[in-house]
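Let's walk through this one together, question by question. Have the model open while you read.

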Amino acid sequence: MHVRDVMVTKVIVAPPEMSLSEALKLMLLHRIRHLPIVDKHNHLVGIISDRDLSDAVPSIFDSKPKEDVMSLPVSKVMVENVITALPDDFVEEAAHIMTEQQISCLPVEENGRLIGIITETDLLNILVRLTGADLPTSRLEIDVPNETGQLSNVSDVIKQHKINIHSVLVYPSFSNSERQTLVFRIQCMDMRGLIAALKEKHYKIVWPQDVEMTQ
């Protein structure tokens, strides 16, 4: 999945000369936390966040009137060296950049022009969709040796029970480098038969727990 598939394309922007008070009103009106600053050619020249505005407003104990600060142009407080993404970047790469740089959004540029924005909220929504957590599916978690073919073998057992797999995640064990965890989202409400078959093959079921239920 690419950034262009999930980015917001109707981006609320502001010119560098807009006052901080106007920018704050604009962000409150549209319920956004990030406001890209663009020139008349839609070239990105900076960005401000609700935190930048909060930091710019002086304390009530400050001798300088609040009104004077809020009349300043956004160009005085905006971040100028903006980290951006390209529309064909992979979503996971964008997420990695945001985590590594400790930023909560990435403006998206193409041919030097702002065409979209992706935020941490967008990434969380993508995670929910990709894992199938928003669908009527069941979660199956299995601890397996960190060996070639484990995912294929478990998938074959699921296939034999004619159960559709919606998504799969594979991640290393946090306690044992020789183990890994397979996390399936499957379209099955009653997994007792499947789990019994997996246990017969000596797989360790992490979730669901206590599936020894009676009919």
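Helices and strands here are runs assigned by DSSP, at least four residues for a helix and at least two for a strand, numbered from the N terminus. Keep in mind that this is a predicted model.

Q: In which loop does Arg31 lie?
A: Look for helix α2, which covers 20-30, and strand β1, which covers 34-38. Arg31 lies in the loop between α2 and β1.

Q: Is Arg31 buried or exposed?
A: Anything over 50% relative accessible area counts as exposed, and anything under 20% as buried. Arg31 has a relative accessible area of 80%, so Arg31 is exposed.

Q: What is the phi of Asn111?
A: Most residues other than glycine have a negative phi. Asn111 is not a glycine, yet its phi is positive. You'll find Asn111 in the loop between β3 (105-110) and β4 (113-119), and at 76% relative accessibility it counts as exposed. Its phi is about 55°.

Q: Which residues is Thr119 in contact with, leaving aside its neighbours within four places in sequence?
A: Thr119 lies in strand β4 and is buried, with a relative accessible area of 16%. Contact means heavy atoms within 4.5 Å. With that cut-off, Thr119 is in contact with His34, Met98, Ser104 and Cys105.

Q: What distance separates the C-alpha atoms of Thr119 and Pro107?
A: Along the chain, Thr119 and Pro107 are 12 residues apart. In space, their C-alpha atoms are separated by 8.5 Å.

Q: Which residues does the UniProt annotation "domain: CBS" cover?
A: This one comes from the record, an unreviewed UniProt entry, and the annotation has two spans. One of them, residues 78-135, is 40% helix and 22% strand in the model, with its end C-alpha atoms 40 Å apart. The annotation covers residues 7-63 and 78-135.

Q: Why are the buried residues of α8 on the same side of the helix?
A: Start with helix α8 itself, residues 192-200, where Leu194, Ile195, Ala197 and Leu198 are buried. What puts them on the same side of α8 is that they cover an arc around the axis of only 160°.

Q: What covers the buried residues of α8?
A: The residues to cover are Leu194, Ile195, Ala197 and Leu198. Their cover includes two elements from 138-145 and 150-160, and others from 179-186 and 204-207. By name, the cover includes β5, α7, β7 and β8.

Q: Is Thr181 buried or exposed?
A: Thr181 is found in strand β7. Leaving out residues up to four places away in sequence, it touches Glu141, Ile142, Asp143, Leu169, Val170 and Tyr171. Its relative accessibility is 7%, so Thr181 counts as buried.

Q: Which residues make the nonpolar surface patch of about 210 Å²?
A: One member, Leu151, is found in helix α7 and counts as partly exposed at 35% relative accessibility. The others are two valines. Together, the patch is made by Leu151, Val168 and Val170.

Q: What phi does His202 take?
A: You'll find His202 just after α8. Its phi is positive, at about 70°.

Q: Is the peptide bond from Trp207 to Pro208 cis or trans?
A: Most peptide bonds are trans. Pro208 lies in the segment after β8. The bond from Trp207 to Pro208 has omega near 5°, and it is cis.

Definitions and conventions
Residues numbered from 1 in each chain as written. Predicted model: local features only at pLDDT ≥ 70, side-chain atom pairs only at ≥ 80, totals over all residues. Heavy atoms only, no water. Buried < 20%, exposed > 50% of the residue type's maximum accessible area, 1.4 Å probe, protein only. Arc of directions from axis to C-beta. Patch = residues over 30% accessible without salt bridge, like charges linked within 9 Å, V, L, I, M, F, W, Y side chains within 5 Å. Areas by Shrake-Rupley, 256 points an atom, 1.4 Å probe, with all protein chains shown as cover. Salt bridge = Lys/Arg side-chain N within 4 Å of Asp/Glu carboxyl O. UniProt positions renumbered as here; feature names shortened; annotations may be inferred.
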